Amino acid sequence: MSYIAVTLNHFRALQEWAIQHQADVRLDVATFRVEVRLGAARLALHPQFLNTTEAGLNYSSALSPAATGFI
């Protein structure tokens with residue numbers, strides 16, 4: 001499955017949950033951080049990108065040209 005398909009599936013699941021629970025969900029496209037608001041509760045979801053480099057695989061919270069996956 002491609003990187004894009006995995007990312008879209010993630011956001012589809014989040015969208016479905018938000019609709020079911022009448023939650024407010026916002027995506028910051030500059031950082032890919034997601035904020036979830038449900039009543040008085042607030043939750044920040046921080047992304048992790050899988051990077052493929054000459055040194056091997058690593059994870060980062062910032063989207064870079066080396067990103068090949070998303071968690």
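Which residues make up the largest nonpolar core?

## The core

Five residues do the job: Leu14, Ala18, Ala23, Val34 and Val36. Keep in mind that this is a predicted model. Helix 1, residues 3–21, supplies at least two residues of the core, and so does strand 2. As general background, nonpolar side chains in soluble globular proteins tend to be buried together.

Ala18 is a good place to look at contacts. Leaving aside residues up to four places away in sequence, Ala18 touches Ala23 and Val25. Ala23 is itself one of the core residues.

## The overall picture

Zooming out, the protein chain has one helix and six strands. Reading along the sequence, you get the pattern α-β-β-β-β-β-β. The C-alpha atoms fill a box of roughly 45 × 25 × 15 Å, taken along the principal axes.

How much of the protein chain counts as buried? Of its 71 residues, 17% do. The accessible surface comes to about 5200 Å², and 59% of that belongs to carbon and sulfur atoms. As for contacts with a separation of 6 or more, residues 24 or more positions apart account for 11% of them.

## The sheet of strands 1, 2 and 3

Here three strands form an open sheet in the order 1-2-3, and the pairing is antiparallel. Strand 1 (24–28) and strand 3 (41–45) stand at the edges; each has a single partner strand, so one side of each is left without a neighbour in the sheet. From one strand to the next, the twist averages 15°.

Strand 2 covers residues 33–38, and its antiparallel pairing with strand 1 runs over five bridges. If you want a pair of residues to find on screen, try Asp28, whose bridge partner in strand 2 is Arg33. Strand 2 also takes part in the core, with at least two residues supplied.

## The sheet of strands 4, 5 and 6

Another open sheet of three strands has the order 5-4-6, with antiparallel pairing. The edge strands are strand 5 (56–60) and strand 6 (67–70), each pairing on one side only. In this sheet the twist averages 30° from one strand to the next.

Strand 4 (residues 49–53) pairs with strand 6 in the antiparallel sense over three bridges. Follow Asn51 across and you reach Ala67 in strand 6, which stands opposite.

## The aromatic pair

How many aromatic pairs does the structure hold? There is one. Phe32 and Phe49 form this pair, with 5.6 Å centre to centre and 85° between the planes. The arrangement is edge-to-face because planes over 60 degrees apart count as such.

The pair links distant parts of the chain: Phe32 sits in the loop between strand 1 and strand 2, while Phe49 belongs to strand 4, 17 residues apart. Are the two rings' residues buried or exposed? Phe49 is buried, with a relative accessible area of 0%. Phe32 is partly exposed at 23%, since buried means under 20%.

## Two loop residues with positive phi

Most residues other than glycine have a negative phi. Phe32, the loop partner in the aromatic pair, goes the other way, with a positive phi of about 65° although it is not a glycine.

Gln22 is also not a glycine, and its phi is positive too, at about 55°. You'll find Gln22 in the loop between helix 1 and strand 1. Is Gln22 buried or exposed? With 73% relative accessibility, Gln22 counts as exposed, because the cut-off for exposed is over 50%.

## A last look at the helix

To get a feel for helix 1, pick Glu16, which lies in it. At 48% relative accessibility, Glu16 counts as partly exposed. The C-alpha atoms of Glu16 and Val6 are separated by 15 Å, and the two residues are 10 residues apart along the chain.

Methods: Residues are numbered from 1 along each chain as its sequence is written. This is a predicted model: local features need pLDDT of at least 70, side-chain atom pairs count only at pLDDT 80 or more; totals for chains, interfaces and linings use all residues. Side-chain values use heavy atoms; hydrogens and water are left out. Two strands pair if DSSP finds at least two bridges between them. Helices (H or I, at least four residues) and strands (E, at least two) are DSSP runs, numbered from the N terminus. Axes are lines fitted to C-alpha atoms, for helices over the stretch in contact, and angles run from 0 to 180 degrees between N-to-C directions. Rings of Phe, Tyr and Trp (its six-membered ring) pair if their centres lie within 6.5 Å; planes under 30 degrees apart count as stacked, over 60 as edge-to-face and the rest as tilted. Buried means under 20% relative accessible area, exposed over 50%, partly exposed in between (1.4 Å probe, protein chains only). A nonpolar core is a set of buried Ala, Val, Leu, Ile, Met, Phe, Trp, Tyr and Cys residues joined through side-chain atoms within 4.5 Å. Contact means heavy atoms within 4.5 Å. Accessible areas come from the Shrake-Rupley method with a 1.4 Å probe; for residues, only the protein chains shown count as cover.
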